[in-house]
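Biologist: I'm new to reading protein models and I'd like to learn how to do it feature by feature. Could you show me one and walk me through it?

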Amino acid sequence: MFTLLGFCFAPAHEKHDALYSVVFALMFSLAVGYMWEILEFAGDSLFSLDSQRWQGGLVADLGNGLYVTDTPRGSGLLDTMGDMLVNLLGTIVTLPFVKIFRRKKLEYKD
C-alpha cells in the first residue's frame, strides 16, 4: 500500500525514468515501515504497551531495567525484524507493478 502511495508522490515527468519512480516508491515504503517501528517502540517504552510483543518472551524482571527473555535476541527484536522483512518483501513484490503502471502512464501522456 505504501509502495503505491510513494509512487503517487514520485514526479511523473518524461525526464525522470521509471527507475527513479521505482526507487522512490521503495524508499518511501521502507521509511514508513521504519517510522512505524519507532512508534511501536515509543508506545512500548512510554506507555508500557506490548505492540512489539516483547513481554511474551519475558521470563524475569531483574528490577534494574534489565529483563531475562526466553530467546537470545529478545522477542521484541524478532517482532521488529519480522515486520521490517515483511515490509521489504511486500515492497519488492509490488515494485514490478509500479514500474509497469509508470510506463503505461507515460505512454498515455504522449
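**Reading the model step by step**

Modeller: Let's start with one residue: glutamate 40 touches Ser51, Gln52, Asp79 and Asp83, leaving out residues up to four places away in sequence. Keep in mind that this is a predicted model.

Biologist: Where is glutamate 40 found, and is glutamate 40 buried or exposed?

Modeller: Glutamate 40 sits in helix H2. To decide on burial, look at the relative accessible area: under 20% means buried. Glutamate 40 has 10%, so it counts as buried.

Biologist: Let's zoom out. How many helices and strands are there in the protein chain?

Modeller: You'll find three helices and two strands. Walk along the sequence and the pattern reads α-α-β-β-α. As for burial, 25% of the 110 residues of the protein chain count as buried.

Biologist: And how do I read contacts for the whole chain?

Modeller: Ask how far apart in sequence the partners are. Take the contacts between residues at least 6 apart in sequence: 53% of them join residues at least 24 apart.

Biologist: Now a helix, please. Which residues of H1 are buried?

Modeller: Thr3, Gly6 and Phe7 are the buried residues of H1. Look down the helix axis and these buried residues fall within an arc of 105°, so they line one face of H1. Over on the other side of H1, Cys8 and Phe9 are exposed.

Biologist: Let me pick threonine 3 from that group. What does threonine 3 touch?

Modeller: Setting aside residues up to four places away in sequence, threonine 3 touches Ala25, Ser29, Thr91, Thr94, Leu95 and Val98. With Ser29 there's a bit extra: the side chains of threonine 3 and serine 29 make a polar contact at 3.4 Å. Threonine 3 belongs to H1, which covers residues 2–9. Its relative accessible area is 2%, and with buried meaning under 20%, threonine 3 is buried.

Biologist: So much for helices. Which strand holds valine 59, and what does valine 59 touch?

Modeller: Valine 59 lies in strand E1, residues 58–61. Not counting residues up to four places away in sequence, valine 59 touches Val68, Thr69 and Asp70. Here's a handy trick: compare separation in sequence with distance in space. Valine 59 and aspartate 70 are eleven residues apart in sequence, and their C-alpha atoms are 6.3 Å apart.

Biologist: Where is aspartate 70 placed?

Modeller: Aspartate 70 is in the loop between E2 and H3. Apart from neighbours within four places in sequence, aspartate 70 is in contact with Gly57 and Val59. You can try the trick again with glycine 56: aspartate 70 is 14 residues away from it in sequence and 9.1 Å away in space, C-alpha to C-alpha.

Biologist: Why do some residues count as exposed and others as partly exposed?

Modeller: The word exposed needs a relative accessible area over 50%, and partly exposed covers the range between the buried and exposed limits. Valine 59, at 56%, counts as exposed. Aspartate 70, at 54%, counts as exposed too. Threonine 71 is in the loop between E2 and H3, and at 22% it counts as partly exposed. Threonine 71 also pairs up with leucine 58 for our trick: 13 residues apart in sequence, 8.9 Å apart from C-alpha to C-alpha.

Biologist: Last one: how do I find empty space?

Modeller: Rolling a probe the size of a water molecule over the atoms shows where empty space is left. In this model, the largest pocket holds about 210 Å³ of space. Ten residues line that pocket, and the closest to its centre are Phe41, Asp44, Gln52, Trp54 and Tyr67.

Biologist: Which elements each supply at least two residues of that lining?

Modeller: Helix H2 (18–47), strand E2 (67–69) and helix H3 (75–109) do. H2 gives the largest share, three residues. By character, the lining splits into three nonpolar, six polar and one charged.

Definitions and conventions: Residues are numbered from 1 along each chain as its sequence is written. This is a predicted model: local features need pLDDT of at least 70, side-chain atom pairs count only at pLDDT 80 or more; totals for chains, interfaces and linings use all residues. Side-chain values use heavy atoms; hydrogens and water are left out. Helices (H or I, at least four residues) and strands (E, at least two) are DSSP runs, numbered from the N terminus. Buried means under 20% relative accessible area, exposed over 50%, partly exposed in between (1.4 Å probe, protein chains only). A polar contact is a pair of N or O atoms within 3.5 Å; within protein, one must be able to donate a hydrogen and the other to accept it, and residues adjacent in sequence count only if both atoms are side-chain atoms. Contact means heavy atoms within 4.5 Å. On a 1 Å grid over the protein atoms alone, a cavity is a set of points where a 1.4 Å probe fits but cannot get out, and a pocket is an open set with protein on both sides within 12 Å along at least five of seven lines; lining residues have an atom within 4 Å of a point. Grid points are joined across faces, edges and corners, and a volume is the space filled by probe spheres set on the points. Ala, Val, Leu, Ile, Met, Phe, Trp, Tyr, Cys and Pro count as nonpolar, Asp, Glu, Lys and Arg as charged, and the others, Gly among them, as polar. The arc is that of the directions from the helix axis to the C-beta atoms.
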